[in-house]
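Let's take a friendly walk through this model, with a few stops along the way. Have the structure open as you read.

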Amino acid sequence: MASSTETAITTNNEDYSKTSIKDETLLRFEPLSSCLDPNFWFKVCQLKLEVDKLDEVHRPLIGYYTSNNNPYMSFDCSSFNQEVNDETAFKYIARGYCLNKNTIDSFKICDKNELLKEFGERLLDNFHSGKAIEDPSIIPAFDVLMYTDLKRYIFYYWFAFPSFSGPKYCLNDVPTLLQNTFSPTQFDLLVYGFKNLKINQRGFFGVVSTKEGNLTVMTLKEYIDLLKKDTESDSDGYLVFADPSDLLNNPGWPLRNLLYLILFHCPSMRTSSLRVIALRGSPTTKFSASMLFNIKVSSENAFRQDAIKFVGWEKNSKGIFCPKYVDLSKTMDSTKQAKESVDLNLKLMKWRIAPDLNLDIVAQSKCLIIGAGTLGCCVARNLMAWGVRNITFIDNGKVSYSNPVRQSLYRHSHCINSNTYKAIAAADVLREIHPEINSTGVVMSIPMPGHAANIDDHKNVDLLSKLIEDNDIIFLLTDSRESRWLPTMLSTLHNKLAITAALGFESYLVIRHGVKIPDVSTGEQKLGCYFCNDVTAPGNSLVDKTLDQQCTVTRPGVSNIAGALAVELFVSYIQLKYNVLANAKCCLGIVPHSIRGFISDFQQIIPFTSSFFQCIACSTIVINDFLNKKEEFLNNVFTNPNYLEDLTGLTRLKNEFENIEIFEINDSDVEDSGTYSERV
């Protein structure tokens, strides 16, 4: 590109017509440069995440440029729209493509020469087919190669404005101001005709003037058809293009492609001169700064198929052919950046491995975590990793000095003065980790069977019932059996999925409680809850217990395994639409009823059981008794350890079992009846 000191002529407008150019009459074109609004990159991120994903596609783009001494093509979020409003404020449009690579390595190693050739051949096809004549916005073509670092919001890109390396063009005479040729009336007619053109026709068109001073504006197609007739007439024809150049004697880059198009379709013009109007200014100024160029081609060899070569890669600000990059991480809202980075990890999973994975239903799920201890902290962290946005904690304990090393949401500062409630601290820390999380802590104790102190605690029963009703998934992660009874019963009442995780020293159980069968006519049976395999009601497990019996003593890794499995079970379960059976299959694999693991020999099994009609938590008789005589029912449960067993018939069942006569087998019986193995 010629520098401005070499090409610009520093004379006043009235002296333009008297300016002479050097003996070198070779016409040089001022290249275009790209100018990108930050919202362009935000749209790129959105499309990559939600539409293109891992596909490397050539996505159509629209660029905008002006004829106001501004050699830039600009892009913003609207560049991805293919419909252009005709009311655009006298901007000219150009059509091109962007290619977004998946990795920085593929961006670097792709052959840039081959890529430019591919861009140029697409442009040449549009010229040969006449598509560029029908839609002149194709003429100032562009392509952009890019790589988007979606985690750091750094973007690498390189624009190409493909054009033909030949032929070379010369100036027949000195460029002059158009006002030296056109009258004020003709300028008015030019502006009027320009405004009547469609927006995609305004960048390139034709003008015919007569000796009488009339002037007609026509589309590029109409003008080329006129040139092809090659008939003598008294009128003068001018090829017009919107010129973004800010150099006096150097027209802008779009003219280079326009000349090639005209000379390709009108071979007779290759030996003639072309009068070209470089439209400069705006309709408001009546294009008063427009220039008139008289151009001829210096060689026809460039039109041979084997001689066609392409140029057009953009230089950076230092004048070097190399990519550019932009870092928008500091301009991004940190909260939004965190959200999109978390979502990116999940979407990569969906794109690569599980295309049917429903991430929206996971993110929209409201999760209630009952128990903010070791299991509760682990479950909350894993829920966040899956994109869950709504988490509520229930706990009445305070953070102690032994907690932070095992319970990942607490810090040493929470332990000082023993004044920080776990539920509140856990909710606060979740928001620190991920500001998009809607986390709440509720300080309350869970009323428990056999605990007489809960006899007047009906307010907490109502609050717990309301919390369970308002949430979609209930995690029962408390450290005693009796504290899981009321949440289990209320989850059954509101037909909410409950998942229990229980720990032993080196074993764990993760179980999803059964929910109602959608279609009972299928004969399918409801799955059991945590209490369905028990034949005893929960009582006060903390009475007369030593310290080691009151605390949950487990190998440190057990809680992390069980907590992670509880979340994975939840995510897999909600992928199912209607199938709630044990070991049903979803896009992530099977969805077991329960998972039992044993760290001592590193084994895991997935048994399942149907619901027990005499269950002390989820049976119909318990739910009905709660609904029909709530206060009396609760008083009986809290004060009478045997009430639930009596209510469900477990007491009678155990008595019947104890009354069964057991016969002792002596040695003579075995001898008389054959071998012992045969008896068995």
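## Helix pairs and local details

In this predicted model, helices H7 and H8 lie oblique to each other. The crossing angle behind that description is roughly 40 degrees, and the axes of H7 (residues 220-229) and H8 (residues 254-265) come within 10 Å. The crossing of H7 past H8 is right-handed. On the H7 side, the residues that meet the partner are Leu 220, Ile 224, Leu 227 and Lys 228, while H8 offers Leu 258, Leu 261, Ile 262 and His 265. Sorted by class, this contact holds 6 nonpolar, 1 polar and 1 charged residues.

How is the pair H14 and H19 oriented, roughly parallel or roughly perpendicular? These helices are roughly perpendicular to each other. H14 (residues 458-470) packs on H19 (residues 630-639) at an angle of about 110 degrees, and the axes are 11 Å apart. His 458, Val 461 and Asp 462 form the H14 side, and Lys 630, Glu 631, Leu 634, Asn 635 and Phe 638 form the H19 side. Here the residues divide into 3 nonpolar, 2 polar and 3 charged.

### How confident is the prediction?

The average pLDDT of the protein is 86, and 86% of the residues score at least 70. Among the elements, strand S16 (residues 366-370) has the highest mean pLDDT, 97, and helix H1 (residues 4-7) the lowest, 34. Residues 1-24 have a pLDDT below 50, and this stretch makes 30 contacts in the model beyond near neighbours in sequence. Residues 546-550 also fall below 50, with 4 such contacts.

### Two residues and their partners along the chain

Next, two single residues. Val 443 belongs to strand S18 (residues 438-443). With a relative accessibility of 36%, Val 443 counts as partly exposed. Leaving aside residues up to four places away in sequence, Val 443 touches Asp 395, Asn 396, Tyr 421 and Ile 424. Its C-alpha atom is 6.0 Å from that of Ile 394, although 49 residues separate Val 443 and Ile 394 along the chain.

Is Leu 650 buried or exposed? Leu 650 is buried, because its relative accessible area is 0%. This residue sits in helix H21 (residues 650-658). Between the C-alpha atoms of Leu 650 and Gln 614 there are 6.9 Å, and the two residues are 36 apart along the chain.

### Backbone points worth a look

Most residues other than glycine have a negative phi, and most peptide bonds are trans. Against that background, have a look at three loops. Gly 166 and Pro 167 are joined by a cis peptide bond, with omega about 0 degrees. Pro 167 lies in the loop between strand S6 (154-164) and strand S7 (169-171).

Two residues that are not glycine have a positive phi, and they are set side by side here:

| Residue | Phi | Loop between | Relative accessible area |
|---|---|---|---|
| Lys 53 | near 55 degrees | helix H2 (38-52) and strand S2 (58-65) | 28% |
| Asn 583 | about 60 degrees | helix H17 (556-573) and strand S22 (584-586) | 29% |

Partly exposed means from 20% to 50% relative accessible area. Lys 53, at 28%, is therefore partly exposed, and Asn 583, at 29%, counts as partly exposed too.

Note on methods: Residues numbered from 1 in each chain as written. Predicted model: local features only at pLDDT ≥ 70, side-chain atom pairs only at ≥ 80, totals over all residues. Heavy atoms only, no water. Axes fitted to C-alpha atoms, helices over the stretch in contact; angles between N-to-C directions. Helix = DSSP H or I, 4+ residues; strand = E, 2+ residues; numbered from the N terminus. Parallel < 35°, antiparallel > 145°, perpendicular 65-115°, else oblique. Left-handed = near helix turned anticlockwise from the far one by under 90°. Contact = heavy atoms within 4.5 Å. Nonpolar A, V, L, I, M, F, W, Y, C, P; charged D, E, K, R; others polar. pLDDT = per-residue confidence, 0-100. Buried < 20%, exposed > 50% of the residue type's maximum accessible area, 1.4 Å probe, protein only.
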